[in-house]
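Here are a few friendly notes to read alongside the model. Take them one at a time, and find each residue in the viewer as you go.

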Amino acid sequence: MWVPGEVDLGTTRLFVRSWDDDGPLAHGKDDPRPLVVLLHGWPEDGSAWTAVAPELAAAGLRVVAPDLKGFGRSDAPRRGYDPATLADETSRLVRLLGARRAVLVGQDWGGAVALATAFRHPGHLEALVLAATPFRELDLGAAWHVPLLNVPLVPELAFRLIGATLTGAALRYAAADADAFDAAAVERYVDAVTRHPHGWLAYYRTLSRRVILERGRRAVSGIVPLLPAPRTPAPLRVPTTVVWGTADPVTPVALAARVADDLGARLVLLEGVGHFVHEEAPEAFAREVLAALAPSGASA
């Protein structure tokens, strides 16, 4: 089961869960187990990993799952959602948990945070596993909600007034398996995104806006030769696995091969699975996390 705790990063306080342990800060540098940090996406909190965590712990891993900044019971400051700040805070979390290196596993926005950390602090990562995480490109036909969430004030008001309805509809839309979320999970996720909507909306208004602007710049640079195209990021220096559901309606599977190719990553497709791969197919997803660790010597 999850043991709750808090980690103060100095700039932000995170609510953190540790699986079947004495708490997130109970084990320091003498703990021989590899550390796995699980980063959830929208509209969830760290409890989204409840079905994955015991599989990883049974394989000898130390499993920790925070509520991302701006979600659930973690702090929701007004600033600090740029990639550099998120990466620095995640790297600091790993160190405060007593580890020199960790495996970062992220889905959706959690994947974006994990990826930013891998680019900025590769020496602190043992491996990286991304699930349904776009990179440098969004399918705005499928992710039509992204521009809407960039509108000022209206989304905050909507989630204050009818947050439960919107969250339930989003879960049903994005999951291929309608039974992936029981009533208790839906209630937790409603709470996670209605406490401080300005917090998680900052991800859309900071990270997704960069992707949208880069997309427009790429398109314009093909028409206006004097306008330089966006720079290609430096190669990722962390062993990476990309996992995607073939029935994902939000981040369509057509994006998966491009993400894996851009990152030089191993690609795994889960047939008939929707956006929430870690909740719709937790055992299969856990196996891929363990497979990503196998070359580094972790037990699988």
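1. Let's begin with one side chain, keeping in mind that this is a predicted model. Is Trp-109 buried or exposed? Its relative accessible area is 11%, and buried means under 20%, so Trp-109 counts as buried. Tyr-204 has a relative accessible area of 3%, so this residue is buried as well.

2. Now look at these two rings together. A pair of aromatic rings is described by the distance of the centres and the angle of the planes. The structure holds 13 aromatic pairs, and Trp-109 with Tyr-204 is one of them: the centres are 5.0 Å apart and the planes meet at 85°, an edge-to-face arrangement. The pair links distant parts of the chain, since Trp-109 belongs to helix α3 and Tyr-204 to helix α7 (residues 197-221), 95 residues apart. For another example, try Phe-181 and Tyr-189: with centres 6.2 Å apart and planes at 80°, the pair is edge-to-face. Phe-181 and Tyr-189 are both buried.

3. Which residues join Trp-109 and Tyr-204 in one aromatic cluster? They are Trp-42, Phe-71, Tyr-81, Phe-159, Trp-200 and Tyr-203. Tyr-81 also has the charged end of Lys-69 over its ring, 4.8 Å from the centre.

4. Helix α3 (residues 109-120) deserves a quick check of its length. At 1.5 Å a residue its 12 residues should span 16 Å, and the end C-alpha atoms are 17 Å apart, which agrees. The helix is mostly covered, with 9 of its 12 residues buried; among them are Gly-110, Val-113, Leu-115 and Ala-118.

5. Next, the nonpolar core. In soluble globular proteins, nonpolar side chains tend to be buried together. Here the largest nonpolar core has 51 residues, and those touching the most other members include Trp-42, Trp-200, Tyr-203 and Leu-263. A second, separate core has 30 residues, including Leu-38 and Val-277.

6. Finally, follow strand β2 (residues 13-19). Because 6 of its 7 residues are buried, β2 is largely enclosed by the rest of the structure. Strand β1 (residues 2-8) runs antiparallel to β2, joined by 7 bridges, and β2 also pairs with strand β4 (residues 62-66) in the antiparallel sense over 3 bridges. Arg-17 of β2 is a handy landmark: it is the bridge partner of Pro-4, and in β4 its partner is Ala-65. In the hairpin of β1 and β2, 4 residues lie between the strands, and Gly-10 takes a positive phi near 95°.

Terms used:
Residues are numbered from 1 along each chain as its sequence is written. This is a predicted model: local features need pLDDT of at least 70, side-chain atom pairs count only at pLDDT 80 or more; totals for chains, interfaces and linings use all residues. Side-chain values use heavy atoms; hydrogens and water are left out. A nonpolar core is a set of buried Ala, Val, Leu, Ile, Met, Phe, Trp, Tyr and Cys residues joined through side-chain atoms within 4.5 Å. Buried means under 20% relative accessible area, exposed over 50%, partly exposed in between (1.4 Å probe, protein chains only). Helices (H or I, at least four residues) and strands (E, at least two) are DSSP runs, numbered from the N terminus. The expected span of a helix is 1.5 Å times one less than its number of residues. Two strands pair if DSSP finds at least two bridges between them. Rings of Phe, Tyr and Trp (its six-membered ring) pair if their centres lie within 6.5 Å; planes under 30 degrees apart count as stacked, over 60 as edge-to-face and the rest as tilted. A charge sits over a ring if NZ of Lys or CZ of Arg is within 6 Å of the ring centre and within 35 degrees of the ring normal.
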